Amino acid sequence: MNINPLPSRARVHSAPPASVPPRLLASWRRSENYGVPLDGVQPVFTGTADDGSLFTECGRDVLSDLRSTLDGEPVSLMLTDAEGVVLERQSGDKDLIKALDHVNLAPGFSYSEREAGTNGLGLALADRMPSLVRADDHYSLSLQGYTCAAAPIFDPATGRLEGAINLTTWSDARSGLLLALAQTAATATANLMLARSQGQRPRPAARGQVFRIEALRRSPGDEGAPTLSPAWEDALAQALAAMRPGRIVAAVGERGSGRATLLAQAERHADPRGHLLAVRAPVPDEALSWLSLWTPELRHARTGFVICDTDDLPAAAAERLAASLSTARDTVAGTYGVTAESFDALPAALVPLIDAIVQVPPLRERTGDILPLADHLARRFRGRPVRLTPGAARALTDYAWPGNVAELATVIRDAASRTDEIDVRHLPSTLLARAEHLPPIRAFERDEMVRVLTRPGMTVEQAGRELGMSRATVYRKLALYGIRLS
């Protein structure tokens with residue numbers, strides 16, 4: 001992969017190129033490759049709309065609280081989505097607002113790196129790290145009058161990048177605490193999202209993983225991989241047809257849907273005797289050291305790779321990965337697979353290298369796979385056959401599985417660790433009730449009803465007495481919460 005030695009922006013910067021931080025230099029280079037003009041920004045207007053999402057709601061509330069503490073300060077507070085589109089802008093400084101309108105740093109406009117070049121929020125989203133871009137550090141000369149600090153916001157339950165908090169002020173204003181304020185606001189937004197989503201457990205911080213996938217072998221009593229639905233088999237057939245030495249295949253679809261498994265099966269078929277490594281991206285600030293750990297393995301013949309969640313990679317790490325893959329496929333010609341949520345979510349540096357795209361359908365579109373997978377997973381976790389009662393089977397197939405196969409595996413692991421016969425009482429309450437956001441007190445009542453009613457031999461009358469409800473009230477609340485017990 002050819003990398004321009006020095007972007008044109010560096011030649012008009014006030015400081016010598018050698019003193020420019022590497023992150024900034026890389027961002028200038030990307031901005032130049034995107035075709036962003038030096039003399040003025042031309043952001044795209046996508047329209048203003050309130051999507052009513054939990055992220056938007058919480059971000060707006062955090063900005064309002066922060067604005068009240070900055071009253072009279074020349075600072076504009078903004079909330080953006082993951083594409084850099086400004087969703088909300090608040091400020092008490094009319095002159096600053098007028099100036100920002102002039103450069104279209106306003107609701108509805110995209111200030112991603114691709115659209116506006118190097119700027120605080122664009123760099124924070126590209127590198128998935130807090131970023132401070134001062135005056136002359138902007139790619140576009142028209143933005144030199146501002147200093148921007150931004151911090152990305154990740155969904156605490158899924159780890160997905162939702163957007164960013166961006167604070168903008170005049171370039172000659174004091175900006176020492178600007179980045180700290182942006183980081184605090186981003187953290188507050190994520191925490192508020194967690195609190196308002198019924199207190200779900202936050203997703204553990206991603207740690208870079210490199211692990212070997214051994215060839216599938218049948219052991220005594222093992223019935224092998226389950227027979228799955230036509231939708232899965234069709235996706236697998238596409239991956240098998242596309243996977244050849246020296247080619248890079250991308251499996252796209254929702255997280256947890258089985259993208260890495262699909263690629264691993266295809267790569268194992270392409271080279272049954274070779275080694276197969278799966279690698280999973282870490283938190284952004286560890287991405288470059290993570291690459292240094294495993295990319296030397298790309299030099300080895302007969303080794304295939306499944307590179308998971310490439311859409312989580314900072315732009316700089318994605319560029320280095322693309323350079324390594326480009327060299328490896330031209331010299332070693334191994335088999336390579338990458339995953340992302342969609343083709344558009346793939347890092348720009350990787351897109352030119354992709355030879356084929358395979359769409360992996362979510363589990364809710366493969367309901368015929370739920371029970372075979374549950375049986376297979378239970379057998380694997382328990383070490384022996386596990387029976388599903390009809391009620392448990394119905395609850396599993398009726399559920400929408402927003403977390404896909406990964407969520408199913410978690411549920412089955414927990415249930416199979418306690419019994420050889422999984423019944424509804426071994427399943428989490430969310431599977432037995434209509435999925436919705438409930439206030440904490442109502443969520444507690446729903447979960448308590450499920451806990452009592454799923455005990456063996458428990459009748460509605462007995463449950464009512466224990467819960468302090470009449471029989472009619474129990475039935476009414478069963479309907480209210482959408483609880484299915486049989």
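These are my notebook entries on the sheet, the helices packed on it, the salt bridges and the cavities of this predicted model.

**Entry 1, the sheet.** I began with the strand order and found an open sheet of 5 strands, arranged β2-β1-β5-β4-β3 with antiparallel pairing. Because β2 (86-90) and β3 (131-133) stand at the edges and have a single partner strand each, one side of each is left without a neighbour in the sheet. I then looked up the twist, and neighbouring strands of this sheet are turned by 20° against each other on average, with direction ignored.

**Entry 2, the edge at β3.** I asked myself how many bridges join β3 to β4. I noted 3 bridges between β3 and β4 (residues 146-154), the two strands running antiparallel. For a residue-level view of this pairing, I recorded that Val-133 stands opposite Cys-148 in β4.

**Entry 3, helices on the sheet.** Helix α2 (residues 54-69) packs on the sheet, where I listed its contacts with β1 (75-81), β2, β4 and β5 (161-170), and the direction of this helix makes about 170° with that of β1. Helix α5 (residues 120-127) also packs on the sheet, touching β1, β3, β4 and β5, and I noted that the direction of α5 makes about 30° with that of β4.

**Entry 4, salt bridges.** My count came to 25 salt bridges. I looked at one of them in detail, in which the side chains of Asp-127 and Arg-23 meet at 2.7 Å, N to O. This pair links distant parts of the chain, since Asp-127 lies in helix α5 and Arg-23 in helix α1 (residues 22-34), 104 residues apart.

**Entry 5, cavities.** I searched for enclosed space and found 2 cavities of 30 Å³ or more. Which residues line the largest cavity? With a volume of about 50 Å³, the largest cavity is lined by Leu-100, Val-103, Leu-105, Tyr-111, Asn-119, Leu-121, His-138, Leu-143, Tyr-146, Cys-148 and Asn-166. By class I have 8 nonpolar and 3 polar residues in this lining, and no charged ones. Cys-148, which I had met opposite Val-133, is thus also among the lining residues of the largest cavity.

The second largest cavity has a volume of about 40 Å³, and its lining consists of Arg-67, Leu-70, Asp-71, Gly-72, Glu-73, Val-75, Leu-77, Ser-91 and Gly-92. I sorted this lining into 3 nonpolar, 3 polar and 3 charged residues.

Definitions and conventions: Residues are numbered from 1 along each chain as its sequence is written. This is a predicted model: local features need pLDDT of at least 70, side-chain atom pairs count only at pLDDT 80 or more; totals for chains, interfaces and linings use all residues. Side-chain values use heavy atoms; hydrogens and water are left out. On a 1 Å grid over the protein atoms alone, a cavity is a set of points where a 1.4 Å probe fits but cannot get out, and a pocket is an open set with protein on both sides within 12 Å along at least five of seven lines; lining residues have an atom within 4 Å of a point. Grid points are joined across faces, edges and corners, and a volume is the space filled by probe spheres set on the points. Ala, Val, Leu, Ile, Met, Phe, Trp, Tyr, Cys and Pro count as nonpolar, Asp, Glu, Lys and Arg as charged, and the others, Gly among them, as polar. Two strands pair if DSSP finds at least two bridges between them. Helices (H or I, at least four residues) and strands (E, at least two) are DSSP runs, numbered from the N terminus. Axes are lines fitted to C-alpha atoms, for helices over the stretch in contact, and angles run from 0 to 180 degrees between N-to-C directions. Contact means heavy atoms within 4.5 Å.
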